[in-house]
Amino acid sequence: MQNRIYVNYGSDPKAMAYELMAEADIGALVSPDMRIALKPNLVVAKPASSGATTHSELLAGVIEYLFERGCKKIEIIEGAWVGASTQAAFRAAGYEALSKTYGVPLFDTKRDQTSSRSYAGLAIDVCNKALNADFLINLPVLKAHCQTTLTCALKNLKGCISDAQKRRFHALGLHKPIAVLNKLLKQHLIIVDALNGDLSFEEGGTPVEMGRALLCDDPVLVDSYACELMGVSIDEVEYMPLSAQYGVGRLKNAATEIVELNADRKPKANPSLTRGAQALARYAQQDQACSACYGSLIHALHRLDARKLKSLPPLYIGQGFRGKSGRGLGIGRCASGFSEHVGGCPPTAQAILDKLTGLL
Ligand code: SF4
């Protein structure tokens, strides 16, 4: 795939996953004899609408694509966070129904045998089911994390270790163990659920619509792009540069190619925001904004120093501002007529944050 990230817009996770795999020609990488493991993020027993867990429909798209290529040895593997029931998480997020529909088994990694692997002076017991997969597809949610700021592909592999190892990871400060785990356990493909990940907490409760899914074969590359989407500096997420240093993958750079699918299918922003997002949204005037654009703005405002919020210039976002002008900051290509402007369709949260920081 060579330094490339695919981005697909929409609100139908099943179609979005299927289209991404078709566009990237994943069929050329798999064969019917392969044991394929799908690893979603089911950290807690909550539906995907909470912003905490991977949409089961995203996996439905992956499974249908793989079935059509003769791949039948598929399992869904996951272990909820320490003390939580993986079975309850499977149920709450619709994975029991998914398993029945497609005849694809669910496997709780908390009950797995493990094998010890070590790198950079750290030994980690990794679940055999993940280690023995011929093709591991990681399906994380792009969302915030209270300890590591952001969680996406690299951190999602934490579901492939036991509860005892998870406790140990926290005692070791998370960053080095996450980078080492990714060195020890190869993920072959990443499909990121960036439909409505949480604004501030991995447990969900403040979902922000971003209206897209991403595909990449490099967890460092896709995570560094995820940082831009959420307005997070790569240096804030220590395990990211560390993973690059360990040779897990490469950070996004000027040569990274972003391939967009269905750019004209961006869903409109949902006016019914959660309270936390609403408190930020009131700083902007929106008129027919796409969720991809509006989500970027909410994330950027969330990352901005709270003391600066009161000094913001008038903000305008949405297709309703096409051709309009005036004093203020236009967000995205549609609002390019204002005295200040952030380009992009949609702009990233990082681009909006950089512009705001420069103005304030
Ligand atoms: S710039 Fe306009 S068309 Fe593009 S994402 Fe934003 S609101 Fe939608």
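Trainee: In which sense do strand 5 and strand 6 pair, and over how many bridges?

Mentor: This is a predicted model, and in it strand 5 (residues 114–119) and strand 6 (residues 122–127) pair in the antiparallel sense over six bridges. You can pick out one of the partners by eye: Ser115 in strand 5 is bridged to Val126 of strand 6.

Trainee: Which residue of that hairpin takes a positive phi?

Mentor: Look at the turn. The hairpin of strand 5 and strand 6 has two residues between the strands, and Ala120 takes a positive phi near 50 degrees.

Trainee: Let's go to strand 2. How many of its residues are buried?

Mentor: Five of the five residues of strand 2 are buried, so the strand is mostly covered. Now consider the directions of the side chains. In a regular strand they alternate between the two faces of the sheet. Here Ile36, Leu38 and Pro40 point one way from strand 2, while Ala37 and Lys39 point the other way, and all are buried. Notice that Lys39 is among the buried ones.

Trainee: Which strands run alongside strand 2, and in what sense?

Mentor: There are two to trace. Strand 2 (residues 36–40) runs parallel to strand 3, with three bridges joining them. Strand 2 also runs parallel to strand 7 (residues 135–139), this time with five bridges. Leu38 is a handy anchor for both pairings: its bridge partner in strand 3 is Ile76, and its partner in strand 7 is Ile137.

Trainee: How does the chain get from strand 2 to strand 3, and with which hand?

Mentor: Through helix 2 (residues 56–68): strand 2, this helix and strand 3 make a right-handed β-α-β unit.

Trainee: And is strand 3 largely enclosed or open?

Mentor: Largely enclosed by the rest of the structure, because four of its five residues (74–78) are buried. Strand 3 also pairs with strand 4 (residues 106–108), in the parallel sense and over three bridges. Here Ile76 turns up again, with Leu106 as its bridge partner in strand 4.

Trainee: How many disulfides does a search of the whole structure find?

Mentor: Zero. The general idea is that a disulfide is a covalent bond between the sulfur atoms of two cysteines. So the thing to check is the distance between sulfurs, and the cut-off used is 2.5 Å. Take Cys152: its closest cysteine sulfur is in Cys227, at 8.8 Å, which is too far for a bond. For Cys160 the closest cysteine sulfur is in Cys127, and 6.3 Å is again too far for a bond.

Trainee: Are Cys152 and Cys160 buried or exposed?

Mentor: Cys152 is buried, at a relative accessible area of 0%, and Cys160 is buried with 0% too.

Trainee: Where is Gly159, and what does it touch?

Mentor: Gly159 sits in the loop between helix 6 (153–156) and helix 7 (163–171). With a relative accessible area of 7%, Gly159 is buried. Setting aside residues up to four places away in sequence, Gly159 touches Lys39, Glu78, Gly79, Thr109 and Lys166. Lys39 is one of the strand 2 residues we met earlier.

Trainee: Can we do one residue inside a strand? Where is the place of Thr149?

Mentor: Thr149 belongs to strand 9 (residues 149–151). Its relative accessibility is 18%, and buried means under 20%, so Thr149 counts as buried. Leaving out neighbours within four places in sequence, Thr149 is in contact with Ala144, Val232, Glu236, Val237 and Arg303.

Trainee: How far apart are Phe321 and Asp287, in sequence and in space?

Mentor: They are 34 residues apart in sequence and 6.9 Å apart in space, C-alpha to C-alpha. Phe321 lies in the loop between strand 14 (315–317) and strand 15 (326–331), and at 9% relative accessibility Phe321 counts as buried. Beyond neighbours within four places in sequence, its contacts are Gln285, Gln286, Asp287, Tyr316, Cys334, Ala335 and Phe338.

Trainee: Last stop, the ligand. Which residues surround it, and how do they divide by class?

Mentor: The ligand is surrounded by Lys266, Cys290, Cys293, Gly318, Gln319, Gly332, Arg333, Cys334, Gly344, Cys345 and Pro346. By class, this shell has five nonpolar, four polar and two charged residues. Cys334 links back to the previous stop: it is among the contacts of Phe321 and also part of the ligand's surroundings.

Definitions and conventions:
Residues numbered from 1 in each chain as written. Predicted model: local features only at pLDDT ≥ 70, side-chain atom pairs only at ≥ 80, totals over all residues. Heavy atoms only, no water. Buried < 20%, exposed > 50% of the residue type's maximum accessible area, 1.4 Å probe, protein only. Contact = heavy atoms within 4.5 Å. Near = heavy atom within 4 Å. Nonpolar A, V, L, I, M, F, W, Y, C, P; charged D, E, K, R; others polar. Pairing = 2+ DSSP bridges. Right-handed = clockwise from strand over helix to strand, strands pointing away.
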